[in-house]
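Colleague: Could you take me on a close look at the start of this chain, and then follow the thread from there into the rest? I'm new to reading structures, so please keep it plain.

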Amino acid sequence: VLKNINMRFNTGEIAALIGANGCGKSTLLRMIAGLQSPDQGHVLLHGKAITQYSRRAIAREIGYLSQSPPAPEGVTVRQLVEHGAFSRTRLFRRPAAQAVDEVMDRVDLLSYADRPFDTLSGGERQRGWIALTLLQAPKILLLDEPTSFLDMGYRIDIMRLIEELKSERGMG
């Protein structure tokens, strides 16, 4: 599906991939995130092939949110969001509660922290996945249809949040 793709993203840049359904946007994002290998060519991260990085090292640089991740059963919203810190914490260590609360508050989910994640609406789940990705604190966010399932007010809020993260953290 993808042929002759050559792209460069600069630090703190916000870019959008636009195209018809099935044209390869999600495939391209998965390749950039190092989750799928191209048949030809390569993806570079800081001038080095992404295949030379460990998953943990990639996760420190790139936060990836797929179109519709499955809702895990038996975890609360807080537990799900905490998984976003895996690349920056030691095994079996929980991230700081303050950091978790901050990202949940930024996506308006703090009051849902102790609710089972699989009981949330589609839009609430999407905000939970976004919070998980933000807790990861990557330099690059790859968001595949991040406003899916969100009502108009939250769509605007998420786009504002992305712009704020660009200004505050240089996140692109």
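Modeller: Sure, let's begin with lysine 3, which sits in the segment before α1, the helix of residues 25-32. One thing to keep in mind from here on is that this is a predicted model. Is lysine 3 buried or exposed? Its relative accessible area is 68%, and over 50% counts as exposed, so lysine 3 is exposed. Now look across to glutamine 126: along the sequence, 123 residues separate lysine 3 from glutamine 126, and in space their C-alpha atoms are 31 Å apart.

Stay in that segment and move on to glycine 12, which also comes before α1. Glycine 12 has a relative accessibility of 12%, so it counts as buried, the limit for that being under 20%. What does glycine 12 touch, once residues up to four places away in sequence are left out? The answer is Lys166, Gly170, Met171 and Gly172. Compare that with glycine 122: its C-alpha atom is 29 Å from that of glycine 12, and the two are 110 residues apart along the chain.

Let's step back for the whole picture. The chain has six helices and four strands, and reading along the sequence gives the order α-β-β-α-β-α-α-α-β-α. The radius of gyration is 16 Å, close to the 16 Å that the globule rule gives for 172 residues, so the chain is as compact as a globular protein of that length. If you picture a box along the principal axes, the C-alpha trace spans about 45 × 35 × 35 Å. Of the 172 residues, 40% are buried. The accessible surface is about 10,500 Å², and carbon and sulfur atoms account for 50% of it. There is also a nice number on contacts: taking those between residues at least 6 apart in sequence, 65% join residues at least 24 apart.

Next, the strands. Strand β3 covers residues 62-65, and both of its faces are covered: Ile62 and Tyr64 are buried on one side, Gly63 and Leu65 on the other. That back-and-forth fits a general habit: in a regular strand the side chains alternate between the two faces of the sheet. Which way does β3 pair with strand β4, residues 140-143? The two run in the parallel sense, with four bridges between them. One handy landmark is isoleucine 62, whose bridge partner in β4 is isoleucine 140.

Past β4 comes a loop leading to α6, and serine 148 is in it. Serine 148 has a relative accessible area of 16%, so it is buried. Its side chain reaches the backbone oxygen of glutamate 145 at 3.0 Å. Glutamate 145 belongs to the loop between β4 and α6 as well, and at 37% relative accessible area it is partly exposed. Check its backbone, too: phi is near 55°, a positive value in a residue other than glycine. Why point that out? Most residues other than glycine have a negative phi.

Aspartate 108 is another residue to check for this, with a positive phi of about 60° although it isn't a glycine. You'll find aspartate 108 in the loop between α4 (97-106) and α5 (122-135). With 42% relative accessible area, aspartate 108 is partly exposed.

While you're in the loop between α4 and α5, find tyrosine 112. Not counting residues up to four places away in sequence, tyrosine 112 touches Val77, Leu120, Glu124 and Arg127. Glycine 128 is 16 residues from tyrosine 112 in sequence, and their C-alpha atoms are 9.5 Å apart.

Last stop: how many aromatic pairs turn up in a search of the whole structure? The search finds one. Phenylalanine 117 and tryptophan 129 make the pair, edge-to-face, with 5.5 Å from centre to centre and 85° between the planes. Phenylalanine 117 is in the loop between α4 and α5 while tryptophan 129 is in helix α5, so the pair ties together parts that are twelve residues apart in sequence. Both partners are tucked away: phenylalanine 117 is buried at a relative accessible area of 0%, and tryptophan 129 is buried at 14%.

Notes
Residues numbered from 1 in each chain as written. Predicted model: local features only at pLDDT ≥ 70, side-chain atom pairs only at ≥ 80, totals over all residues. Heavy atoms only, no water. Buried < 20%, exposed > 50% of the residue type's maximum accessible area, 1.4 Å probe, protein only. Pairing = 2+ DSSP bridges. Polar contact = N/O pair within 3.5 Å; in protein donor to acceptor, adjacent residues only side chain to side chain. Rg over C-alpha atoms; globule rule 2.2 N^0.38 Å. Contact = heavy atoms within 4.5 Å. Areas by Shrake-Rupley, 256 points an atom, 1.4 Å probe, with all protein chains shown as cover. Phe/Tyr/Trp six-rings, centres within 6.5 Å; stacked < 30°, edge-to-face > 60°.
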